Amino acid sequence: MSVEARRLEENKRKPVPLVKWGPYVSERQWGTVREDYSTDGDAWHYFPFDHAHCRAYRWGEDGLAGISDYYQNLCFTLALWNGKDPILKERLFGLGNYEGNHGEDVKELYYYLDNIPTHTYMQYLYKYPQQAFPYELLRTENRNKSKLDPEYEILDTGVFNNNEYFDVTITYAKHDDEDIFIKIDITNRFTAAAPITILPTLFFYNRWQYTPDMEKPSISLVNKSSVITSHPKLDNFYFYFLNADDRLFTENETNTEIVTGIPNTSVFTKDAIGNAIINQKNKPVLRNKKTGTKFSAVYNFTINPGETQTVYCRLTNTQSKAPFAKGFEKIFDIRKQEADDFYALILPKGIDADLLNIQRQAIAGVLWSKQYYHFDVERWLTTSDGITPASATRLTGRNSDWTHLMNQDIISMPDTWEYPWYAAWDLAFQTISLAVADADFAKHQLLLIMREWYMKPDGQLPAYEWNFSDVNPPVQAWAALQVYYIEQKQTGRNDTEFLKKIFQKLLINFTWWVNRKDVKGNNIFEGGFLGLDNIGVFNRSFNYQGTMQLEQADGTSWMGMYALNMMDIAVEIALHDSSFEDTATKFFEHFIFIAEALNVHNLWNDEDKFFYDVLNVAGAEPMPLRIRSIVGLIPLFAVSNIFHGELDRLQEFKKRINWFENYRKKNGKFWPNEERGEQFEILLSLVKQDRLINLLTYLLDENEFLSQGGIRALSKYHLEHPYTTTVEGIAYTIQYDPGDSTSNMFGGNSNWRGPVWMPINFLIIQSIRKYGQFYGDSLQVECPTGSGNKMNLEQVADELTRRVITLFQKDADGNRKIYDSYNWFYKKPENQDLILFYEYFHGDSGRGLGASHQTGWTALVAELISEHTGKLK
């Protein structure tokens with residue numbers, strides 16, 4: 001057992017498997033719903049980036065490469081200045097939704113290099129231009145581009161040409177959980193000497209502005225190399241720093257003159273340190289101030305070409321006479337070795353170094369994406385932020401029916417800049433990558449989203465803060481099983497107690513789906529956009545108020561998958577606790593009814609041999625929406641193999657299955673795909689073998705779904721054959737669109753009309769592998785379609801896995817598909833091992849698109865690599 005593994009064992013004994021200090025500071029708090037107190041719900045305009053440096057937040061903090069305690073009382077982040085920018089680089093810059101031609105987008109270069117579950121060792125790289133940061137150029141160029149143009153990125157601006165930038169590497173190494181050493185390395189990559197100011201910064205989350213009776217915390221100067229903090233809910237901490245050029249204090253409070261036009265009552269505002277550094281404004285005043293709620297040590301360097309300057313700091317709850325004793329630097333080497341030892345035991349051995357690097361950075365990204373999330377909806381709706389008065393309008397506006405929701409937790413985020421809020425179905429995928437490194441935290445996250453301060457009393461799970469009532473695919477049961485099996489494989493532990501806990505809550509959620517999304521009670525489910533944004537020819541979440549109804553192939557299939565997953569959980573528990581056998585039977589039978597509805601109703605199109613959504617209009621024949629998209633492939637996901645021998649241990653379950661099968665067949669009723677195999681008693685799936693072959697023919701066709709980088713979300717067939725339908729006199733059209741979104745649907749910042757998406761590919765691969773395990777060589781298909789190359793389905797899954805992995809891998813020339821036209825930058829020696837985990841990928845080239853740090857679900861590639869390399873061995 002590695003040192004880190006022993007720490008995790010100790011963590012298990014805590015009520016919540018979390019360490020006190022971690023990377024819990026968001027990379028964007030501005031432009032979020034929880035900071036929006038406007039009456040029109042325009043979060044991007046209400047709290048823009050231009051206010052972030054001078055306006056106190058209400059519900060949390062943000063910063064560059066930051067850490068905090070798990071209640072975010074005290075934060076440490078880094079600020080930089082290159083001598084040319086109009087503001088300090090205290091946080092990552094990006095465009096708001098209306099500023100980008102494809103919605104919001106971060107315009108920075110930063111990388112999660114390393115992390116381990118207890119955050120005893122963490123490393124983060126930020127690339128800072130030596131020229132003035134091109135804020136306005138990025139805004140102007142993107143504003144002038146159309147939806148048909150690619151985004152204008154920071155590498156297009158020229159500021160990184162000729163290596164005219166600094167590499168700023170921040171490394172954290174804990175002595176213990178409340179004693180943290182910090183190392184900041186600044187390397188000049190340019191050919192000439194360049195100035196830079198480094199500001200390690202300590203500050204408190206400003207709760208006192210809304211809690212008048214709260215004792216105001218303070219940071220106070222002890223001597224020229226240390227300060228001490230005092231907070232009513234936190235131990236005193238000492239912040240030590242070596243050889244600073246200056247020490248500046250201010251308050252983490254709003255500059256009202258800038259934000260509202262009201263004169264400030266004090267010079268000590270949130271942006272005062274920046275003004276002192278850049279404009280020398282009030283610098284002596286800030287220097288002479290000996291206490292405040294925000295503090296920066298200041299280091300001024302001129303760094304020669306290729307040279308590195310290093311700043312050391314230490315944040316600890318223990319006073320020390322020699323905080324940087326001789327040899328203290330060794331802590332970084334020790335913790336790095338411990339991190340190496342930890343990953344050596346959990347990642348595959350003897351694999352290609354590039355693949356190992358991809359895995360490690362993927363998991364590091366998931367761990368860096370843990371964030372403190374604070375949101376009390378009732379309080380948010382009924383109070384003021386001190387700028388805009390409380391409004392009756394908001395009481396019936398966004399999220400007004402979620403007043404029970406009171407979140408204050410550390411949650412895994414999809415992307416801490418583009419999506420600095422949890423999303424229910426993203427979180428399910430995130431837990432799989434988390435489980436590889438920290439199964440207990442992964443289980444905690446799945447259980448957390450089910451708790452009463454998240455889940456609605458009627459059983460609905462919160463989607464995301466832009467609209468908690470949106471409906472995402474119900475993948476939590478599937479994720480729970482994945483996490484259970486990952487831990488079982490790693491440790492041999494069968495944590496059926498976890499399965500029991502989550503099963504109880506999933507029962508409530510499953511019932512909500514049945515009662516709310518099966519309008520006719522015929523097991524045909526709706527759900528709206530179901531996380532797939534613009535996958536439909538029109539907005540599938542639109543309410544047509546009874547004039548028409550959309551029956552969804554994917555909604556019904558997700559529920560078939562949900563029922564099977566619940567059956568699988570109940571079966572797994574029943575192997576240890578027979579009282580769950582009856583529940584397994586219940587979900588088995590419910591799955592049969594859903595399978596019947598999907599296959600017998602109008603969702604399967606016999607002419608095209610494909611599943612489609614069906615639009616029912618009063619007085620007209622049901623109209624299939626003949627769009628070849630992943631909506632029609634999702635039925636593949638509902639598949640389960642029951643192992644030989646398991647049924648013999650579950651005699652009541654086996655008896656009921658046999659009776660139900662005989663009854664339905666005797667009465668001419670639908671019976672799903674159930675076949676006997678050598679290793680498995682039964683295969684349950686939504687698609688019979690002939691339809692499975694039909695779907696795979698499309699899926700494996702390179703002119704349809706199959707790309708060099710995985711499965712596209714929309715068939716390439718629609719490039720030359722757009723689909724158009726008319727609803728209530730309005731014509732809607734959908735066409736293959738492999739890159740950024742060209743529609744404004746759901747904000748326009750993601751696109752499901754052609755790109756490759758990791759979570760869907762992961763599910764497709766897993767499902768096809770299950771079919772392959774059952775059928776073996778008895779079922780072979782052409783892969784690719786029309787090639788004449790026959791494969792069994794396990795081999796097909798391997799080939800799809802290989803294709804997805806190649807998105808990230810270097811080719812023979814050192815290029816990675818994800819970087820496309822930016823490979824010139826990523827082939828530089830200092831950049832060749834840097835990996836970004838994009839939200840989705842171009843359907844033809846494989847170029848990374850959307851959010852650039854979506855390790856939330858794109859980190860699933862790490863698990864694919866493990867599975868693939870295991871198969872190769």
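**Exercise 1.** Across which strands does helix 6 (residues 272-279) lie, and at about what angle does this helix run to strand 14?

*Solution.* The model is predicted. Begin with the sheet that holds strand 14: an open sheet of six strands, ordered 1-2-3-10-16-14, with antiparallel pairing. Its edges are strand 1 (21-22) and strand 14 (246-250); each has a single partner strand, so one side of each lacks a neighbour in the sheet. Next, take the pairing at the edge: strand 14 and strand 16 (residues 294-303) run antiparallel and are joined by five bridges. Within this pair, Thr250 has Lys294 of strand 16 as its bridge partner. Finally, place the helix: helix 6 lies across strand 3 (74-81), strand 10 (194-204), strand 14 and strand 16, and runs at about 140° to strand 14.

**Exercise 2.** Determine the strand order of the nine-stranded sheet and identify the helices that pack on it.

*Solution.* First, the order of this open sheet is 6-7-8-9-17-13-12-11-15, with antiparallel pairing. Strand 6 (109-115) and strand 15 (291-292) are the edge strands, each pairing on one side only.

Second, consider one pair inside the order. Strand 8 (residues 165-176) and strand 9 (residues 179-188) run antiparallel, with 10 bridges between them. Lys174 stands opposite Ile180 of strand 9.

Third, add the helices. Helix 8 (residues 330-346) packs on the sheet and touches strand 6, strand 7 (121-129), strand 8, strand 9 and strand 17 (308-316); its direction makes about 85° with that of strand 8. Helix 9 (residues 353-368) also packs on the sheet, touching strand 6, strand 7 and strand 8, and its direction makes about 100° with that of strand 6.

How values were computed: Residues are numbered from 1 along each chain as its sequence is written. This is a predicted model: local features need pLDDT of at least 70, side-chain atom pairs count only at pLDDT 80 or more; totals for chains, interfaces and linings use all residues. Side-chain values use heavy atoms; hydrogens and water are left out. Two strands pair if DSSP finds at least two bridges between them. Helices (H or I, at least four residues) and strands (E, at least two) are DSSP runs, numbered from the N terminus. Contact means heavy atoms within 4.5 Å. Axes are lines fitted to C-alpha atoms, for helices over the stretch in contact, and angles run from 0 to 180 degrees between N-to-C directions.
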